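Here is a short briefing to read with the structure open beside you. Have a look around first, then follow the points below by topic.

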Amino acid sequence: MTTITQIKGGTDNCYIVADDGKAILIDTASRPHLDKVIAECDKYEMKLIVLTHVHFDHAENAAELSKRYNIPVAVSKTDEELFEDFDRQPLSSYGLVGKLVLGLSLKVLRNTKVEKPENLIFVKEGDDLSSYGIKAKIIGLPGHTLGSIGVDVEQKHLFVGDELDNWVRPALGHLYYDFDAIKDSAQKIKDLGQRTIYYGHGKPTENKI
Ligand SMILES: [Zn+2]
């Protein structure tokens with residue numbers, strides 16, 4: 001049976017999806033929360049880390065955890081450049097919440113260098129994760145970053161990273177690199193139908209259909 005554990009690192013979420021003792025980690029939270037993430041991961045046979053995108057609050061512990069469990073880190077090829085330089089895909093925001101979040105995070109986003117994992121693999125739309133013990137597929141959700149991806153588990157649980165967020169209520173990601181793309185991705189999520197949506201920030205909700 002598939003179980004989902006939400007790990008809260010401050011305002012950031014990461015998730016363990018487990019099935020029959022084997023598990024994948026979706027995002028990794030930021031450095032101050034590493035011990036908390038390890039404490040949860042240690043309960044499972046970890047198989048894979050998936051990064052919904054390469055921002056520090058999702059990816060900062062990836063290299064460390066990859067070494068600890070000797071497992072690969074899956075990311076989209078298009079986000080690889082963000083390990084080098086956050087500003088390759090600068091962010092804009094909409095609304096008051098967006099302005100606040102961007103104001104608070106921009107400096108840290110710019111100044112935090114996310115270590116690139118040695119064991120990096122590239123994934124794209126449609127890739128199947130069953131060889132890692134989880135019945136899930138990668139779904140492309142560009143917009144927040146160019147290479148943002150989601151993970152669709154058993155067509156029931158959808159992990160969307162920052163493509164959508166739930167700071168106040170479920171909404172389009174308040175920060176984006178490409179607004180048209182983030183709108184298209186939101187429509188794509190809507191069209192998937194019945195799902196529980198797990199956000200990078202905020203509590204899970206049911207999909208808005
Ligand atoms: Zn982000």
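**A buried alanine, a metal site and two cysteines**

Alanine 181 is buried, its relative accessible area being 15%. Please keep in mind that this is a predicted model. From that alanine we can move on to a strand pair, a zinc site and two cysteines.

**Around alanine 181**

- You will find alanine 181 in helix 6, which covers residues 179-191.
- Leaving aside residues up to four places away in sequence, alanine 181 touches Pro142 and Gly143.
- Alanine 181 counts as buried because its 15% relative accessible area falls under the 20% cut-off.
- For a sense of distance, glutamate 84 is 97 residues from alanine 181 in sequence, and their C-alpha atoms are 23 Å apart in space.

**Strands 8 and 9**

- Strand 8, made of residues 136-140, is mostly covered, with four of its five residues buried.
- Its partner is strand 9 (residues 149-153): the two run antiparallel and are joined by five bridges.
- To pick out one position in this pairing, look at lysine 137, whose bridge partner in strand 9 is aspartate 152.

**The zinc site**

- Which protein atoms are the donors of the zinc ion? They are His53 (NE2), His55 (ND1), His144 (NE2) and Asp162 (OD), at 2.1 to 2.5 Å from the ion.
- Along the sequence, these donor residues follow the spacing H-x1-H-x88-H-x17-D.
- Two of the donors link distant parts of the chain, 89 residues apart: histidine 55 sits in the loop between strand 4 (45-50) and helix 2 (56-59), while histidine 144 sits in the loop between strand 8 and strand 9.
- Histidine 55 and histidine 144 are both buried.
- The four donor atoms make angles of 89 to 177° at the zinc ion, and the site is irregular.
- As a reference for reading those angles, the ideal value for four tetrahedral donors is 109.5 degrees.

**The cysteines**

- How many disulfides does a search of the whole structure find? The search finds zero.
- The sulfur of cysteine 14 has its closest cysteine sulfur in cysteine 41, and at 7.1 Å the two are too far apart for a bond, because a disulfide needs the sulfur atoms within 2.5 Å.
- Seen from the other side, cysteine 41 is in no disulfide either, and its nearest cysteine sulfur is that of cysteine 14.
- Are these cysteines buried or exposed? Cysteine 14 is buried at 0% relative accessible area, and cysteine 41 is buried too, at 1% relative accessibility.

Key. Residues numbered from 1 in each chain as written. Predicted model: local features only at pLDDT ≥ 70, side-chain atom pairs only at ≥ 80, totals over all residues. Heavy atoms only, no water. Buried < 20%, exposed > 50% of the residue type's maximum accessible area, 1.4 Å probe, protein only. Pairing = 2+ DSSP bridges. Contact = heavy atoms within 4.5 Å. Donors = N, O, S within 2.8 Å, 3.2 Å for Na, K, Ca; no water. Tetrahedral: all angles 85-135°; square planar, octahedral: opposite > 155°, others 65-115°.
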